Amino acid sequence: MEIGQQNAKNPLCAAFTLVEMILVMAIMVVLLSVIFPSLKGFFRGRNLDNEARRFLSLTRYGQSRAVAEGVPVELWINPRQGSYGLQAVSGFTETQTNPMNFNLDETIQITFSAPSSVLVRSNYWTQAKAQFGAVTKIRFQPDGFISDSSPEKIFLRQGTGSQIMIAETPSHLRYDIEPTH
(Lines give C-alpha, C1' and ligand atoms only; values in the text may rest on other atoms or scores of the structure.)
Protein backbone atom coordinates (compact mmCIF):
# COMPACT_ATOMS: atom_id res chain seq x y z
CA MET A 1 0.00 0.00 0.00
CA GLU A 2 1.20 3.52 -0.71
CA ILE A 3 1.70 6.16 1.99
CA GLY A 4 -1.09 8.39 0.66
CA GLN A 5 -3.56 5.53 0.92
CA GLN A 6 -2.49 4.75 4.52
CA ASN A 7 -3.05 8.39 5.59
CA ALA A 8 -6.44 8.45 3.91
CA LYS A 9 -7.54 5.41 5.93
CA ASN A 10 -6.03 6.58 9.24
CA PRO A 11 -6.49 10.36 9.69
CA LEU A 12 -4.52 10.40 12.99
CA CYS A 13 -1.25 9.60 11.22
CA ALA A 14 -1.24 12.97 9.40
CA ALA A 15 -2.11 15.14 12.44
CA PHE A 16 0.26 17.01 14.76
CA THR A 17 0.59 15.88 18.35
CA LEU A 18 -0.03 18.25 21.23
CA VAL A 19 3.67 18.19 22.13
CA GLU A 20 4.63 19.27 18.59
CA MET A 21 2.12 22.13 18.67
CA ILE A 22 3.42 23.35 22.06
CA LEU A 23 7.00 23.13 20.81
CA VAL A 24 6.20 25.23 17.71
CA MET A 25 4.37 27.83 19.82
CA ALA A 26 7.31 28.03 22.26
CA ILE A 27 9.73 28.63 19.39
CA MET A 28 7.47 31.38 18.00
CA VAL A 29 7.27 33.10 21.41
CA VAL A 30 11.07 33.06 21.75
CA LEU A 31 11.53 34.47 18.24
CA LEU A 32 8.97 37.23 18.82
CA SER A 33 10.57 38.21 22.13
CA VAL A 34 13.94 38.57 20.36
CA ILE A 35 12.55 40.45 17.35
CA PHE A 36 10.03 42.73 19.13
CA PRO A 37 12.47 45.37 20.48
CA SER A 38 13.88 46.05 17.02
CA LEU A 39 10.38 46.15 15.50
CA LYS A 40 9.34 48.64 18.16
CA GLY A 41 12.12 51.01 17.07
CA PHE A 42 11.19 50.48 13.43
CA PHE A 43 7.57 51.47 13.98
CA ARG A 44 8.61 54.44 16.12
CA GLY A 45 10.76 55.70 13.24
CA ARG A 46 7.88 55.21 10.84
CA ASN A 47 5.67 57.41 13.06
CA LEU A 48 8.18 60.27 12.79
CA ASP A 49 8.54 59.85 9.03
CA ASN A 50 4.77 59.68 8.52
CA GLU A 51 4.23 62.78 10.67
CA ALA A 52 6.84 64.73 8.68
CA ARG A 53 5.20 63.72 5.41
CA ARG A 54 1.74 64.65 6.70
CA PHE A 55 3.03 68.07 7.79
CA LEU A 56 4.75 68.61 4.44
CA SER A 57 1.58 67.60 2.58
CA LEU A 58 -0.38 70.10 4.64
CA THR A 59 2.04 72.88 3.67
CA ARG A 60 1.55 72.05 0.01
CA TYR A 61 -2.22 71.86 0.40
CA GLY A 62 -2.27 75.20 2.26
CA GLN A 63 -0.27 76.87 -0.48
CA SER A 64 -2.52 75.45 -3.21
CA ARG A 65 -5.60 76.53 -1.33
CA ALA A 66 -4.27 80.10 -0.89
CA VAL A 67 -3.63 80.42 -4.62
CA ALA A 68 -6.91 78.77 -5.65
CA GLU A 69 -9.12 80.79 -3.27
CA GLY A 70 -7.14 84.03 -3.54
CA VAL A 71 -6.90 84.51 0.24
CA PRO A 72 -4.03 84.02 2.71
CA VAL A 73 -4.03 80.62 4.41
CA GLU A 74 -2.24 79.96 7.70
CA LEU A 75 -0.76 76.74 8.98
CA TRP A 76 -0.55 77.19 12.76
CA ILE A 77 1.78 75.23 15.02
CA ASN A 78 1.28 74.80 18.77
CA PRO A 79 4.32 72.98 20.20
CA ARG A 80 2.99 73.02 23.78
CA GLN A 81 -0.13 71.09 22.88
CA GLY A 82 1.55 69.02 20.16
CA SER A 83 -0.86 70.09 17.47
CA TYR A 84 -1.05 71.97 14.20
CA GLY A 85 -3.70 72.90 11.69
CA LEU A 86 -4.67 74.88 8.64
CA GLN A 87 -7.26 77.58 8.04
CA ALA A 88 -7.95 80.47 5.70
CA VAL A 89 -7.40 83.88 7.26
CA SER A 90 -10.72 85.28 8.42
CA GLY A 91 -11.88 88.61 7.02
CA PHE A 92 -10.84 87.91 3.44
CA THR A 93 -13.82 85.77 2.55
CA GLU A 94 -17.41 85.41 3.64
CA THR A 95 -17.44 81.65 3.23
CA GLN A 96 -16.47 79.19 5.91
CA THR A 97 -12.71 78.76 6.35
CA ASN A 98 -12.85 74.94 6.76
CA PRO A 99 -10.20 74.64 9.48
CA MET A 100 -8.21 71.42 9.76
CA ASN A 101 -6.62 70.24 13.05
CA PHE A 102 -4.03 67.52 13.63
CA ASN A 103 -2.52 66.15 16.83
CA LEU A 104 1.01 64.79 16.98
CA ASP A 105 1.78 61.34 18.34
CA GLU A 106 2.56 61.75 22.06
CA THR A 107 6.18 60.68 21.46
CA ILE A 108 6.83 63.41 18.85
CA GLN A 109 7.77 67.02 19.62
CA ILE A 110 7.60 69.88 17.13
CA THR A 111 9.75 73.03 17.24
CA PHE A 112 10.62 75.75 14.76
CA SER A 113 13.18 78.45 14.06
CA ALA A 114 12.30 82.13 13.80
CA PRO A 115 12.99 83.87 10.50
CA SER A 116 16.53 85.25 10.46
CA SER A 117 15.66 88.59 8.87
CA VAL A 118 12.86 90.44 7.16
CA LEU A 119 13.44 90.20 3.44
CA VAL A 120 12.72 92.70 0.70
CA ARG A 121 10.00 90.59 -0.89
CA SER A 122 7.37 92.06 1.45
CA ASN A 123 4.14 93.33 -0.03
CA TYR A 124 0.60 94.01 1.11
CA TRP A 125 -0.07 90.34 1.83
CA THR A 126 3.07 89.79 3.93
CA GLN A 127 2.56 92.64 6.35
CA ALA A 128 1.29 90.31 9.06
CA LYS A 129 3.40 90.39 12.22
CA ALA A 130 5.28 87.26 13.20
CA GLN A 131 3.48 85.44 15.96
CA PHE A 132 5.97 83.40 17.95
CA GLY A 133 5.32 82.04 21.40
CA ALA A 134 2.58 79.54 22.19
CA VAL A 135 1.39 79.40 18.59
CA THR A 136 3.27 80.36 15.43
CA LYS A 137 1.94 80.49 11.90
CA ILE A 138 3.17 79.75 8.42
CA ARG A 139 1.31 82.12 6.15
CA PHE A 140 0.76 81.20 2.51
CA GLN A 141 0.01 84.21 0.32
CA PRO A 142 -2.45 84.28 -2.59
CA ASP A 143 0.49 84.86 -4.95
CA GLY A 144 2.04 81.51 -3.93
CA PHE A 145 4.83 82.87 -1.72
CA ILE A 146 5.41 82.10 1.94
CA SER A 147 5.23 85.13 4.26
CA ASP A 148 8.42 86.71 5.62
CA SER A 149 7.14 86.17 9.14
CA SER A 150 6.88 82.40 8.71
CA PRO A 151 9.45 80.11 10.36
CA GLU A 152 12.28 79.01 8.09
CA LYS A 153 12.70 75.56 9.67
CA ILE A 154 10.41 73.15 11.48
CA PHE A 155 11.89 70.29 13.50
CA LEU A 156 10.09 67.06 14.35
CA ARG A 157 11.86 64.98 17.00
CA GLN A 158 11.00 61.66 18.55
CA GLY A 159 12.41 61.35 22.05
CA THR A 160 16.15 61.93 22.18
CA GLY A 161 16.71 59.99 19.00
CA SER A 162 15.98 60.85 15.43
CA GLN A 163 14.96 64.25 14.11
CA ILE A 164 13.53 65.44 10.81
CA MET A 165 13.97 69.01 9.59
CA ILE A 166 11.48 70.63 7.22
CA ALA A 167 12.98 73.80 5.74
CA GLU A 168 11.78 76.60 3.49
CA THR A 169 13.42 76.51 0.07
CA PRO A 170 15.58 79.48 -1.02
CA SER A 171 12.89 80.48 -3.55
CA HIS A 172 10.35 80.93 -0.69
CA LEU A 173 7.84 78.89 -2.63
CA ARG A 174 7.62 75.73 -0.53
CA TYR A 175 8.97 73.62 2.30
CA ASP A 176 10.95 70.42 1.79
CA ILE A 177 12.24 67.67 4.05
CA GLU A 178 15.96 68.21 4.45
CA PRO A 179 18.22 65.15 4.32
CA THR A 180 19.73 64.13 7.64
CA HIS A 181 23.49 64.15 7.98
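Student: Let's start with His 172: does this residue count as buried or exposed?
Tutor: Happy to, and keep in mind that this is a predicted model. The relative accessibility of His 172 is 18%. The cut-off for the buried class is under 20%, so His 172 counts as buried.

Student: Where is His 172 found?
Tutor: The backbone gives a nice landmark here, since phi of His 172 is near 60°, a positive value in a residue other than glycine. On one side of this stretch is S7, and on the other is strand S8, residues 175-178. His 172 is found in the loop between S7 and S8.

Student: With which side chain does the side chain of Glu 168 make a polar contact?
Tutor: Glu 168 belongs to strand S7, which covers residues 163-168. Its relative accessible area is 13%, so Glu 168 is buried. At 2.9 Å, its side chain makes a polar contact with the side chain of His 172.

Student: Now the wider view: in what order do the elements of the chain run from the N terminus on?
Tutor: The chain has 2 helices and 8 strands. Reading from the N terminus, the helices precede the strands, and the order is α-α-β-β-β-β-β-β-β-β.

Student: Among contacts in the chain between residues at least 6 apart in sequence, what percentage join residues at least 24 apart?
Tutor: For context, the chain has 181 residues, and 32% of them count as buried. The area that the chain exposes is about 11700 Å², with carbon and sulfur atoms supplying 60% of it. As for contacts between residues at least 6 apart, the part that joins residues at least 24 apart is 56%.

Student: Let's turn to charges. How many residues apart in sequence are the parts that Lys 137 and Glu 74 tie together?
Tutor: Side chains of opposite charge can pair when their charged atoms come close. Lys 137 and Glu 74 form a salt bridge, with their closest N and O atoms 3.5 Å apart. Lys 137 lies in strand S5 (residues 136-140) and Glu 74 in strand S1 (residues 73-78), so the separation in sequence is 63 residues.

Student: Which arginine forms a salt bridge with Glu 74?
Tutor: Glu 74 has a relative accessible area of 10%, which means that this residue is buried. The arginine partner lies in strand S5 while Glu 74 lies in strand S1, so the pair ties together parts that are 65 residues apart in sequence. That partner is buried, as Glu 74 is. With the closest N and O atoms 3.4 Å apart, the residue is Arg 139.

Student: Which residues do salt bridges that share partners join into one network?
Tutor: The structure holds 7 salt bridges. One of them pairs Asp 176 with Arg 174, their closest N and O atoms being 3.1 Å apart. Asp 176 counts as buried at 18% relative accessibility, while Arg 174 is partly exposed at 40%. Through shared partners, the network consists of Arg 60, Arg 174 and Asp 176.

Student: On to aromatic rings: how are the rings of Phe 55 and Tyr 84 arranged as a pair?
Tutor: A pair of aromatic rings is described by the distance of the centres and the angle of the planes. For Phe 55 and Tyr 84, the centres are 5.1 Å apart and the planes meet at 75°. Planes over 60 degrees apart fall in one class, so this pair is edge-to-face.

Student: Which residues do ring pairs link into a cluster?
Tutor: Phe 55 lies in helix H2 (residues 18-69) and Tyr 84 in strand S2 (residues 83-88), so their pairing ties together parts that are 29 residues apart in sequence. Phe 55 and Tyr 84 are both buried. The ring-linked cluster is made of Phe 55, Tyr 84 and Phe 102.

Student: Which element gives the largest share of the largest nonpolar core?
Tutor: This core has 24 residues, and those with the most contacts inside it include Phe 55, Leu 75, Ile 138 and Ile 166. Among the elements that give two or more residues to the core are S1, strand S4 (108-113), S5 and strand S6 (153-158). Phe 55 touches Ile 77, Ile 110 and Ile 154, among others. The largest share, 6 residues, comes from H2.

How values were computed:
Residues are numbered from 1 along each chain as its sequence is written. This is a predicted model: local features need pLDDT of at least 70, side-chain atom pairs count only at pLDDT 80 or more; totals for chains, interfaces and linings use all residues. Side-chain values use heavy atoms; hydrogens and water are left out. Helices (H or I, at least four residues) and strands (E, at least two) are DSSP runs, numbered from the N terminus. Buried means under 20% relative accessible area, exposed over 50%, partly exposed in between (1.4 Å probe, protein chains only). A polar contact is a pair of N or O atoms within 3.5 Å; within protein, one must be able to donate a hydrogen and the other to accept it, and residues adjacent in sequence count only if both atoms are side-chain atoms. Contact means heavy atoms within 4.5 Å. Accessible areas come from the Shrake-Rupley method with a 1.4 Å probe; for residues, only the protein chains shown count as cover. A salt bridge is a side-chain nitrogen of Lys or Arg within 4 Å of a carboxyl oxygen of Asp or Glu. Rings of Phe, Tyr and Trp (its six-membered ring) pair if their centres lie within 6.5 Å; planes under 30 degrees apart count as stacked, over 60 as edge-to-face and the rest as tilted. A nonpolar core is a set of buried Ala, Val, Leu, Ile, Met, Phe, Trp, Tyr and Cys residues joined through side-chain atoms within 4.5 Å. Lists of a residue's contacts leave out its neighbours within four places in sequence.
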